[in-house]
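Me: I have a model open here and would like to go through it with you. Could we take a single residue to begin with and then work outwards?

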Amino acid sequence: MRYLFIILACLLFGTVPAAAKRVALVIGNDAYEAVPQLQKAVNDARAVAQSLARLDFAVDLGENLTRRQINAKFADFVEHISPGDTAFFFFAGHGVAIDGQNILLPVDIPDSSNAGLVRDEAHVVDDLLARVQGKGAAVSFFVLDACRNNPFASKGGRSVGATRGLQVVAPPTGTFVLMSAGAGQEALDRLGDNDANPNSIFTRTLLPLLQTPGMSHIALAKAVQREVEATAKTVGRKQQPAFYDQITGEIVLLSGNSEATPVETAKETPDETNNRGSVQVEVDPALEEWNAIKDLRSLKIHQAFLRKHPDSRYAPYARALVEELEAEAASKAKVEEVKQIPTTDEDVEPEANTGLETQRVSAGWFVILGSFPQGQAEKARKRAGLMRNRGYDVSIIDTNNYRSLADGLYSVVMGPYKKSTALRELGNAQQVVGDAYIKEIR
């Protein structure tokens, strides 16, 4: 289970000392060496890093880091934090809860049944929180995307850590922690095999909210909760992000005039806190309506939403759904039209002419660039064409021919390679196809 925390480090509210600055460390780990690999952690980290840069953070981005590399990155991050600064730490990758402690895993974590070894070879969240607080940051946000299945879960014997999810966090003063799923819950990476979004369910929800002017950190967390929970329900799953707040007052990530300004909260007196007005949060008027209709498969309802809110940040999603529903309607109409046309044996094309020409490949490690139901052969052709146009040597295979793959799919692949070469090629391929991954084909 990939564990997702969002510990958002101190952001905007009152008057900022001239020297106050915003610093961020963002890490994404996909390429685990001994435990199951992930597909979207690096993409999530890259997207969050770009979003934080737009909020005037000085961002240090690390991808597929070992324990020693994370130690070096975090030490440098802490060294750059001064009293009054805003600090933001984001981690996407594997995590595990052991004896009530939340642990973040580097890519070189050993596959061990020894809980003590796992803890010693990884990074304890409470320790990281304490180090940032010790530097005197005004506020700290820790964002950890690490709530998937326990990578050490035993198939027969004893497991290391909780089966799924991370545990409740007790953050220090001045810290806000947002987790991609509640304690003991599993966070979804994707909605299904055909979900081409390059980011996890949690991160794809978080990203636009980080850029919403006037939204407080509490309003952001609640919006993430609502949207992720609703999205997970569409595939029959339960996922509700959890947050733990030890920040006094309401923190705004991006001010209403779109100029992000950090805030100093540490030196407020009780009188100042009591007399200060509450932050005015500018809420998208389309939010409530979108939450009510987004799971409905009604073309008319979504067309009406677009007429009413053509510039809403939800409009692109509504347009995509309208296009999908229009295509479904056109397809059904075409089927009904065809049913009315009498056919003879001469009118029917041989099955071989409508199929997809595939290749046989030898066993080895492959980069999987997309898998499509065999009734959607044209999608496989398009994906292969895209990659070939970018200079990649790809093949289309019929998964029915390989015992290590699910039946009934056409997969676009590169290989065979050694595992180390496949990992290297994966990094390049994900610049074109964000949901690419590696798999051993036999």
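Me: Is A24 buried or exposed, and what is its relative accessible area?
Reply: This is a predicted model, and in it A24 counts as buried because its relative accessible area is 2%, which is under the 20% cut-off for that term. The residue belongs to strand β2, which covers residues 22-28.

Me: Which residues is A24 in contact with, leaving aside its neighbours within four places in sequence?
Reply: With those neighbours set aside, A24 has contacts to L52, F57, A58, V59, D60, F77 and F88. As for H80, it is 56 residues away from A24 in sequence, while the C-alpha to C-alpha separation in space is 9.5 Å.

Me: F77 is on that list, so where are the buried residues of α2 when seen down its axis?
Reply: Helix α2 spans residues 67-79, and its 13 residues reach 18 Å from the first C-alpha to the last, close to the 18 Å expected at 1.5 Å a residue. Its buried residues are I70, F74, F77 and V78, and seen down the axis they fall within an arc of 95 degrees, so they line one face of the helix. R68 and E79, on the other side of α2, are exposed.

Me: How many residues does the largest nonpolar core have?
Reply: The largest nonpolar core has 80 residues, and F74 and F77 are among those with the most contacts inside it, along with F89, F91, L105 and L220. There is also a second, separate core of 20 residues, which includes L369, A422, A429 and A436.

Me: Changing topic, what is the strand order in the open sheet of four strands?
Reply: The order is β12-β13-β11-β14, with antiparallel pairing, and the edge strands, β12 and β14, each pair on one side only. Neighbouring strands of this sheet are turned against each other by 50 degrees on average, direction ignored.

Me: And how many bridges does β11 make with β13?
Reply: β11 pairs with β13 over seven bridges, and with β14 over five. I368 has V413 as its bridge partner in β13 and Y437 as its partner in β14, while P373 stands opposite L409 in β13.

Me: Why is β11 described as largely enclosed?
Reply: Eight of the ten residues of β11 (residues 364-373) are buried, so the strand is largely enclosed by the rest of the structure. Helix α12 packs on the sheet, touching β11, β12 and β13, with its direction at about 135 degrees to that of β11. Helix α13, residues 419-429, lies across β11, β13 and β14 and runs at about 45 degrees to β11.

Methods. Residues numbered from 1 in each chain as written. Predicted model: local features only at pLDDT ≥ 70, side-chain atom pairs only at ≥ 80, totals over all residues. Heavy atoms only, no water. Core = buried A, V, L, I, M, F, W, Y, C linked by side-chain atoms within 4.5 Å. Buried < 20%, exposed > 50% of the residue type's maximum accessible area, 1.4 Å probe, protein only. Helix = DSSP H or I, 4+ residues; strand = E, 2+ residues; numbered from the N terminus. Contact = heavy atoms within 4.5 Å. Expected span 1.5 Å × (residues − 1). Arc of directions from axis to C-beta. Pairing = 2+ DSSP bridges. Axes fitted to C-alpha atoms, helices over the stretch in contact; angles between N-to-C directions.
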